[in-house]
Amino acid sequence: PVVSWIFGCYLYICVNWLHVHFDEAFSALRIPHYKSFLRLHIDEAGVLELFTIGLRKIPRRWEANPLKSASDTDASSEASPSRWVPAPGQPGAPGTEGCGAEVVDYLRVEKTPLSSR
């Protein structure tokens with residue numbers, strides 16, 4: 001417990017006065033919102049595109065999707081592939097404001113030929 005407190009103080013000082021270690025401090029805060037994930041795409045020419053998708057609000061309560069049966073494992077068989085949907089009143093639920101999804105970062109990696117040695 002003492003080491004955790006000291007490390008927390010270190011991160012607090014680094015972020016507020018030295019303006020460093022933002023990633024480490026922010027991830028330790030366990031804020032329920034502002035999550036992100038990567039979406040990768042490889043096109044026909046072999047170009048890799050990486051999209052960082054950020055979500056401003058995350059649903060905290062979920063319920064079973066009434067359009068999906070528990071025995072159905074084929075995600076492409078229905079218009080709603082997930083077994084779980086946000087509970088009513090949660091961000092992203094029908095009739096509510098969305099999760100605030102946006103592209104935070106984009107990276108394009110061109111395909112390079114293998115060099116012959």
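User: What makes strands 1, 2 and 5 an open sheet, and in which order do they stand?

Analyst: The order is 1-2-5, with antiparallel pairing. Strands are DSSP runs of E, at least two residues, numbered from the N terminus. Two of them pair if DSSP finds at least two bridges between them. Strand 1 and strand 5 stand at the edges, each with a single partner strand, so one side of each has no neighbour in the sheet. This is a predicted model: local features need pLDDT of at least 70, side-chain atom pairs count only at pLDDT 80 or more, and totals for chains, interfaces and linings use all residues. Residues are numbered from 1 along each chain as its sequence is written, and side-chain values use heavy atoms, with hydrogens and water left out.

User: How do you know that strand 1 pairs with strand 2?

Analyst: Count the bridges. Strand 1 (residues 35-42) and strand 2 (residues 48-55) share 8 bridges and run antiparallel. The definition asks for at least two, so they pair. Phe37, for one, stands opposite Ile53.

User: How do you know that strand 2 pairs with strand 5?

Analyst: They are joined over 7 bridges, in the antiparallel sense. At least two are needed, so this is a pair too. Thr52 stands opposite Asp105, and Glu49 has Arg108 as its bridge partner.

User: Why is Cys14 called buried or exposed?

Analyst: Buried means under 20% relative accessible area, exposed over 50%, partly exposed in between (1.4 Å probe, protein chains only). Cys14 has 3%, so Cys14 is buried.

User: And what is Cys9 called, and why?

Analyst: Cys9 has 28%, which lies between the two cut-offs, so Cys9 is partly exposed.

Definitions and conventions:
Helix = DSSP H or I, 4+ residues; strand = E, 2+ residues; numbered from the N terminus.
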